[in-house]
Amino acid sequence: MEKNKEDQLRLEVVRGAKEIFAKGLVEAGEGNVSMRNGKKEELFITPSFNQYDTLKKAEIVHLNFEGIPLSAGKLPSTEAKMHIAIYKSRPKVQSIIHTHSSFATMLSIVRKSIPIIMEEMYIFLGGSIDVSEFGEAHTIEIGEVALNALGIKNAALLANHGVIVCGKSLDHAVKFAELVEKLAKMYWGALQIGTPNIVSKEHLDRFQKLFESLFANYPRHMWKNMQKKL
Ligand SMILES: [Zn+2]
């Protein structure tokens with residue numbers, strides 16, 4: 001029974017990886033997708049130098065939160081430490097996706113956060129998409145800077161690197177990764193032709209319940225500290 005469940009999670013990782021590849025959010029060898037293994041301190045993650053078009057269930061790596069592989073075969077993504085840091089700090093998160101999608105990464109290079117330019121951003125992601133401090137790839141440090149940039153929200157830009165999103169399901173994470181790139185493209189375009197207008201807080205308050213009930217995945221104790229950062 002347990003084995004079936006774990007196989008199911010491996011298949012979910014493959015499905016998520018194929019979806020973000022099909023949507024053009026990643027290219028071969030970059031980005032990664034993971035799923036938490038139920039109540040255990042373990043995850044399933046895409047392998048290092050992942051080939052999305054040929055990716056199979058057997059290539060998905062089973063890891064514990066110490067970073068030790070529990071499966072033979074491929075090595076885990078080198079960014080697994082960032083995923084682990086987020087799972088440890090956010091017990092409700094079931095799936096994490098990291099991409100290097102182009103428009104979002106361009107904004108991360110000039111360290112431009114995306115303010116709330118559309119209402120859906122508040123509903124799905126919880127507010128603006130902020131840029132992290134620079135964190136060296138493949139280290140635990142990047143997990144910490146990612147968590148700081150996330151705050152109570154579901155998406156952040158990683159300075160000079162890409163995107164990190166987390167969700168209560170794989171489908172949420174895929175949706176968020178796609179939305180971040182769409183918003184980055186729109187914001188970039190808007191900056192080319194004028195001064196973007198930001199959606200005001202008073203228009204957003206009515207969506208707070210939607211975010212909280214459907215998509216929020218931060219631990220409740222963070223709410224008071226982070227509310228002002230929205
Ligand atoms: Zn990366």
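Axes here are lines fitted to C-alpha atoms, for helices over the stretch in contact, and angles between their N-to-C directions run from 0 to 180 degrees. In this predicted model, helix H6 lies across strands S1, S4, S5 and S6, and runs at about 150° to S6.

The strands that H6 crosses belong to an open sheet of six strands, which follow one another in the order S3-S2-S1-S4-S6-S5 with antiparallel pairing. At the edges stand S3 and S5 (155-158), each of which pairs on one side only. Between neighbouring strands of this sheet the average turn is 20°, direction ignored. In general, strands of a sheet pair through backbone hydrogen bonds, either parallel or antiparallel.

Two of the pairings can be set side by side.

| Strand | Partner strand | Sense | Bridges |
|---|---|---|---|
| S2 (residues 42-45) | S3 | antiparallel | four bridges |
| S4 (residues 95-99) | S6 (residues 162-167) | antiparallel | five bridges |

Within these pairings, Phe44 stands opposite His62 in S3, while Ile96 has Cys166 in S6 as its bridge partner. Strand S3, which spans residues 61-64, has a covered face made of Val61 and Leu63, whereas His62 and Asn64 make up the uncovered face.

Helix H6 covers residues 170-193 and includes Leu170. Leu170 counts as buried because 22 C-beta neighbours lie inside 10 Å of its own C-beta, and the cut-off for a buried residue is 20 or more. Leaving aside neighbours within four places in sequence, Leu170 is in contact with Glu12, Arg15, Gly16, Met35 and Ser95. Of these contacts, Arg15 is 155 residues from Leu170 in sequence, although the two are 8.8 Å apart in space, C-alpha to C-alpha.

Note on methods. Residues are numbered from 1 along each chain as its sequence is written. This is a predicted model: local features need pLDDT of at least 70, side-chain atom pairs count only at pLDDT 80 or more; totals for chains, interfaces and linings use all residues. Helices (H or I, at least four residues) and strands (E, at least two) are DSSP runs, numbered from the N terminus. A residue is buried if 20 or more other C-beta atoms lie within 10 Å of its own, exposed if 12 or fewer, and partly exposed in between; C-beta atoms are placed from the backbone. Two residues are in contact if their C-beta atoms, placed from the backbone, lie within 7 Å. Two strands pair if DSSP finds at least two bridges between them.
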